[in-house]
Structures are given as structure tokens and as C-alpha cells.
Amino acid sequence: MLIDSHCHLDDYENLSEILANAHASGVDKLLAIGIGSGPADMHVALDLANQHPEIFATAGIHPQEAHQATPENLAKLEKLAADPRCIAIGEIGLDYYHLDNPDIPTQQAAFIAQLKVAAAAQKPITIHCRTSELAIPAAKARYEPADAWTDLLRLIAEHWTPTGLPGIMHCFSGNEAQASASLAAGFYLSFAGNLTYPKSTTIQAIAASAPADRILVETDAPFLTPIPLRGQQNQPANTALTAKFLAELRGTTPEAIAHQTTSNFYTLFPTASAA
Ligand SMILES: [Zn+2]
């Protein structure tokens with residue numbers, strides 16, 4: 001059995017078919033990310049979780065919507081976070097890639113405010129972190145020399161580590177130092193379809209050597225379709241392709257990866273294993 005630890009299910013018109021495909025590929029549980037297209041519909045993932053026993057949900061305000069982290073929306077998040085099927089807060093974090101994102105202080109304030117909500121609810125967080133390294137020149141000029149990973153790890157050390165709660169680095173795409181710092185801060189590294197891309201040599205090296213008890217697999221569907229289906233719309237069933245690729249990198253079997261990542265997911269989310 002595999003668990004897709006990060007997918008966006010809000011926009012599939014054929015969700016029952018998507019779930020059937022997942023089961024057919026051995027993907028029996030899914031963590032649906034509740035960011036919606038903004039806080040107005042961050043409850044949609046939880047609604048799905050309450051309709052389908054195989055789905056768990058998160059809720060959170062994505063850094064691209066950080067300007068919407070108003071008192072009203074944070075109160076909505078608090079309410080969602082109290083639901084037992086909302087098992088994490090996220091995806092939250094920093095995004096210094098897109099030119100039209102909220103400015104850095106706005107993003108950081110929204111992130112800190114949501115760390116407080118997560119801490120109060122005693123729920124882990126799932127992190128989105130994107131640097132301006134590969135951004136267009138105008139975006140680089142806007143954000144640099146600030147670095148999203150440096151800022152993220154500093155804010156986590158200050159506002160999250162004292163809670164003793166864990167989290168996930170979703171679609172981990174950082175370097176060795178950022179991987180080590182994330183692991184030291186108690187985070188799990190979750191690998192998505194981009195692990196299978198030929199240019200992802202750094203991510204592949206990290207995935208090959210990360211501690212077995214701290215790895216997860218995800219699709220980030222409908223984005224980041226793994227090879228050999230790259231170009232098509234992604235779906236949770238494709239967690240199996242990334243898991244198979246990860247198994248080859250680590251010199252083990254897909255079954256062992258499935259067993260390990262499922263066990264890791266339930267260690268991180270003990271309440272999910274009872275459901
Ligand atoms: Zn996502």
C-alpha cells in the first residue's frame with residue numbers, strides 16, 4: 001500500500017475515477033491539500049475527506065495568497081484545523097519565485113501566523129518552499145539577495161522547533177545543506193514526480209541517501225507528472241511511478257518503499273492510522 005502524501009483534488013471532475021485509478025495502483029490513502037484557489041475554498045479538501053474514507057485533508061494559506069491571511073481567514077483555518085480529518089496545516093511557506101507574489105514581509109507574517117494556528121491545534125505542517133534561483137530576471141531582482149530556504153529555516157527554528165512538532169518538506173527540491181537542516185529540524189522529505197526528471201540530480205542524490213524513516217512520496221497532482229507520463233495531467237495513481245524510481249535510487253524494492261513510506265506517514269500522523 002502506498003500513500004500519496006500531497007495532492008490537490010479540488011478540480012478533478014472525475015474524482016471517483018481518479019480514486020479508482022489510485023486504488024488500482026496500490027495508492028490507498030491520499031492527503032488532499034486544502035489551499036483551494038485561496039482561503040475562500042480552503043475547506044474543499046476537508047469536505048472531500050469527510051466524504052471519502054481514503055482521503056485525509058490539510059488546510060492552509062499558500063504563500064502566493066499570503067495577503068489573504070486576514071483575521072477572518074485565520075479564524076476559518078483554526079476552525080478547519082480542529083477537525084480530526086484535517087491532519088496538517090499547509091501547504092504554507094515561502095515562494096520567492098513568482099514575480100506577482102505578495103512581498104516578503106507579507107509572506108513571512110502569513111507563515112508565522114499559520115505556524116501559531118498549527119501549534120495551537122497540535123498538528124504537523126506541510127511546507128512549500130520555492131527560491132528565486134530559476135526565476136525570471138525581474139523576479140530575481142525583486143526577491144534577491146533574500147533566499148527562501150534561508151528565511152524558511154530561520155523562521156522554523158524560531159517559531160516551530162520550540163513546539164516539538166514535526167512537518168513535511170513537500171516536493172523536496174533543495175540542496176544537501178537544506179536537506180540536512182530540514183532533517184535536523186524534525187522534518188520528513190517528501191519526493192514528487194520531479195524526482196524522476198533527468199535534471200534532478202541533486203534531489204536524486206538526496207533521495208538516495210536520506211534516512212529511511214524520514215522519506216515520503218507524493219504526486220502534487222495535478223502537477224509534476226513523473227516520467228514516463230510527463231506531459232499528461234498528473235493523478236495520485238502515479239505515486240507508484242515515483243515510488244518505483246525511488247526504490248531504484250535506493251537499491252531496494254518498490255514494496256519496501258511502499259511499506260517504509262506508509263509506516264513513516266503513520267508515525268507522523270498517528271491519528272490517521274486509526275481511521
Ligand atoms: Zn501542492
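Colleague: How many residues of strand β7 (residues 187-191) are buried?

Modeller: Before the count, note that this is a predicted model, where local features need pLDDT of at least 70, side-chain atom pairs count only at pLDDT 80 or more, and totals for chains, interfaces and linings use all residues. Residues are numbered from 1 along each chain as its sequence is written. A residue is buried if 20 or more other C-beta atoms (placed from the backbone) lie within 10 Å of its own, exposed if 12 or fewer, and partly exposed in between. By that rule β7 is mostly covered, and its buried residues number 5 of 5.

Colleague: Which residues of β7 are buried on the side that holds Tyr188?

Modeller: In a regular strand, side chains alternate between the two faces of the sheet. Here both faces are covered, with Phe187, Leu189 and Phe191 buried on one side. The other side has Tyr188 and Ser190.

Colleague: What stands opposite Leu189 in β8?

Modeller: Strands here are DSSP runs of E, at least two residues long, helices are runs of H or I, at least four, and both are numbered from the N terminus. Two strands pair if DSSP finds at least two bridges between them, and β7 and β8 run parallel with 3 bridges. β6 and β7 are also parallel and joined by 3 bridges, with Ile168 opposite Tyr188. On the β8 side, the residue facing Leu189 is Ile215.

Colleague: Which helix makes a right-handed β-α-β unit with β7 and β8?

Modeller: Right-handed means that, with the strands pointing away from the viewer, the path from the first strand over the helix to the second runs clockwise. β6 and β7 make such a unit with helix α7 (residues 176-184). For β7 and β8, the helix is α8 (residues 201-209).

Colleague: Zooming out, which are the edge strands of the sheet?

Modeller: The open sheet has 8 strands in the order β1-β2-β3-β4-β5-β6-β7-β8, with parallel pairing. An edge strand pairs on one side only, which picks out β1 and β8 (215-217).

Colleague: What does the twist average from one strand to the next?

Modeller: Angles run from 0 to 180 degrees between N-to-C directions, and axes are lines fitted to C-alpha atoms, for helices over the stretch in contact. From one strand to the next, the average twist is 30°.

Colleague: Back at β1 (residues 2-7), why is that strand largely enclosed?

Modeller: β1 is joined to β2 (residues 27-32) by 4 bridges, and the two run parallel. The chain goes from β1 through helix α1 (residues 15-24) to β2 in a right-handed crossover. Ile3 stands opposite Lys29, and Cys7 has Ala32 as its bridge partner. The strand is largely enclosed by the rest of the structure because its buried residues number 6 of 6.

Colleague: Is Val27 buried or exposed?

Modeller: Val27 sits in strand β2. Residues are in contact if their C-beta atoms, placed from the backbone, lie within 7 Å, and leaving out residues up to four places away in sequence, Val27 touches Leu2, Asp4, Ala22, Pro236, Ala237, Thr239 and Ala240. It has 26 C-beta neighbours inside 10 Å, so Val27 counts as buried.

Colleague: And Pro162, buried or exposed?

Modeller: Pro162 lies in the loop between α6 and β6 (167-169). It has 9 C-beta neighbours inside 10 Å, so Pro162 counts as exposed.

Colleague: At roughly what angle do the axes of helices α4 (residues 104-121) and α6 (residues 148-159) cross?

Modeller: The crossing is right-handed: the near helix is turned clockwise from the far one by less than a right angle, and anticlockwise would be left-handed. Gln108, Phe111, Ile112 and Leu115 of α4 make the contact with Asp151, Leu155 and His159 of α6. The axes come within 11 Å and cross at roughly 35°.

Colleague: What radius of gyration does the protein chain have?

Modeller: The chain has 11 helices and 8 strands, and 51% of its 275 residues count as buried. The radius is taken over C-alpha atoms, and the globule rule is 2.2 Å times the number of residues to the power 0.38. For 275 residues a compact globule would be near 19 Å, which agrees with the chain's 17 Å.

Key:
Contact = placed C-beta atoms within 7 Å.
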